[in-house]
Amino acid sequence: SEGQALCVLSEPLRQALERTLRDGRQAMLFLNRRGYATFALCDACGHVLGCPHCTVSLTLHKSSGALRCHQCGHARPVCQTCPRCAEESVVSLGLGLERVEQEVQQVFPKAAVARLDSDTVGSPRELSDVLERMRARELDILLGTQMIAKGHDFPAVALVGVILADIGLSMPDFRACERTFQTLTQVAGRAGRGEDRGRVLIQTFNPDHPAVVFARQHDSEGFVRYELQVRRRYGQPPFTRTALLGIRGQRVDQVETVARHVFDYVTRALAHWGLQETCSVLGPAPAPIERLKDNYRYHVYLKTDTASARAKLLGALQADLSVRRFASRHHCLIRIEVDPQSFL
């Protein structure tokens, strides 16, 4: 809420920023989350303001005075009145880069601060302008999302701060740990690229998490060994071959019916070819974002020991006209994604 106390920067990070600015050096702060607050909630009835087209909460963008959906782009004006109970009790919660910018400007009013995300940069020229200002040392602190994580060489950057490093760890994806480690190591590489050594501070609620520990130790080989052990234990790639069968349509009952039909088809095929011991099928289950752009979505997840077994199953599924006709009668589409890179 508007009266919420500012507490984005931890005391060690605040002190490090003060020291960096005092020494005439530059700093970069990373938070991979746009907006000011991640959701708006009614303090009276608990209702979360969500997108009418997607099963996600709306993100508060304070500078534009709007609540926005980061999936479909739907926007509505910021309001204090709850649409469910009519009480004027809507508050904003969660943390976004816009709020980090506000606190940094309040704590360091004399510093030249810029924010780099898709809300502030709408063209390649605007991006180049901000980066050029940073390179020319016209900026003291650059805040950014994934856009600042890699590929930039600023010799005067002595400090990199990662805020809320835990965001990616909760994603419903077996690669969540790997991607968090990659992001942390990429962001950390922005510090100390000149003659002087740099410093990296990571704010996290999980300092003992392997992704954070191995990133802190700059131990890529150790992380790979650890992650491969976890993947082998739970039968995840690269030790299995996977495919995601996505079913979508505008009526949830029809989508669920088709998803069940696809699951049964694959299960029967596994039994017919005697592949139950080496292959498995999970689901059907709603996608993590069940409704996206007015379409309901269900997933069926296939894991096989070999690429040939996966190809055999998927080839049979694609060639069977009865499955496609069944989906068409229920006004649904089936999408097959081999080695899926996202489960959202």
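Ring pairs join Phe 181, Phe 214, Phe 223 and Tyr 226 into a cluster. The structure is a predicted model, and this report starts from that cluster, moves to the helix α6, and then turns to some backbone features elsewhere in the chain.

**The aromatic cluster**

A search of the whole structure finds five aromatic pairs. In one of them, Phe 214 and Phe 223 meet edge-to-face, with 6.1 Å from centre to centre and 75° between the planes. Both Phe 214 and Phe 223 are buried. Phe 214 also pairs with Tyr 226; this pair is tilted, with 6.0 Å between the centres and 35° between the planes. The pair links distant parts of the chain, since Phe 214 belongs to helix α5 and Tyr 226 to helix α6, 12 residues apart. A pair of aromatic rings is described by two values, the distance of the centres and the angle of the planes.

How buried or exposed are the partners in the tilted pair, Phe 214 and Tyr 226? Phe 214 has a relative accessible area of 16%, so it counts as buried, the limit being under 20%. Tyr 226 has a relative accessible area of 29% and is therefore partly exposed.

**Helix α6**

Helix α6 runs over residues 220–233, which makes 14 residues. From its first C-alpha to its last it reaches 20 Å, close to the 20 Å expected at 1.5 Å a residue. Which residues of α6 are buried? They are Gly 222, Phe 223, Glu 227, Val 230 and Arg 231. Seen down the axis of α6, these buried residues fall within an arc of 165°, so they line one face of the helix. An α-helix has 3.6 residues a turn, so residues three or four places apart point the same way.

The buried residues of α6 pack against α4 (176–188) and α5 (210–216). On the face turned away from the buried side, α6 carries the exposed residues Glu 221, Arg 225, Gln 229, Arg 232 and Arg 233.

The two ends of α6 can be described as well. At its start, a side-chain oxygen of Asp 219 comes to within 2.8 Å of the backbone nitrogen of Gly 222. Just after α6, Gly 235 takes a positive phi of about 65°.

**Backbone features**

Most residues other than glycine have a negative phi, and most peptide bonds are trans. The table lists residues and bonds with particular backbone angles.

| Residue or bond | Backbone angle | Location |
|---|---|---|
| Arg 137 | phi near 65° | loop between α3 and β8 |
| Asp 294 | phi near 70° | loop between β12 and β13 (295–304) |
| Pro 237 to Pro 238, cis | omega about 15° | Pro 238 in the loop between α6 and β11 (241–249) |
| Gly 283 to Pro 284, cis | omega near -10° | Pro 284 in strand β12 (residues 279–292) |

Arg 137 has a positive phi although it is not a glycine. Its relative accessible area is 47%, so Arg 137 is partly exposed. Asp 294 likewise has a positive phi in a residue other than glycine, and its relative accessible area of 33% makes Asp 294 partly exposed.

The loop that holds Arg 137 also holds Ala 136, between α3 (124–135) and β8 (141–144). Ala 136 is partly exposed, with a relative accessible area of 43%. How many residues separate Ala 136 and Phe 154 in sequence? They are 18 residues apart, and their C-alpha atoms lie 9.2 Å apart in space.

**A buried glutamate**

Glu 101 is part of helix α2 (residues 97–107). With a relative accessible area of 14%, Glu 101 is buried. Leaving aside its neighbours within four places in sequence, Glu 101 is in contact with Arg 115 and Leu 143.

**Confidence in the model**

The chain averages a pLDDT of 91, and 97% of the residues score at least 70. Where is pLDDT under 50? It stays under 50 over residues 1–6, for which the model has 10 contacts beyond four places in sequence. Where pLDDT is low, the predicted coordinates should not be read in detail.

How values were computed: Residues numbered from 1 in each chain as written. Predicted model: local features only at pLDDT ≥ 70, side-chain atom pairs only at ≥ 80, totals over all residues. Heavy atoms only, no water. Helix = DSSP H or I, 4+ residues; strand = E, 2+ residues; numbered from the N terminus. Expected span 1.5 Å × (residues − 1). Buried < 20%, exposed > 50% of the residue type's maximum accessible area, 1.4 Å probe, protein only. Arc of directions from axis to C-beta. Contact = heavy atoms within 4.5 Å. Polar contact = N/O pair within 3.5 Å; in protein donor to acceptor, adjacent residues only side chain to side chain. Phe/Tyr/Trp six-rings, centres within 6.5 Å; stacked < 30°, edge-to-face > 60°. pLDDT = per-residue confidence, 0-100.
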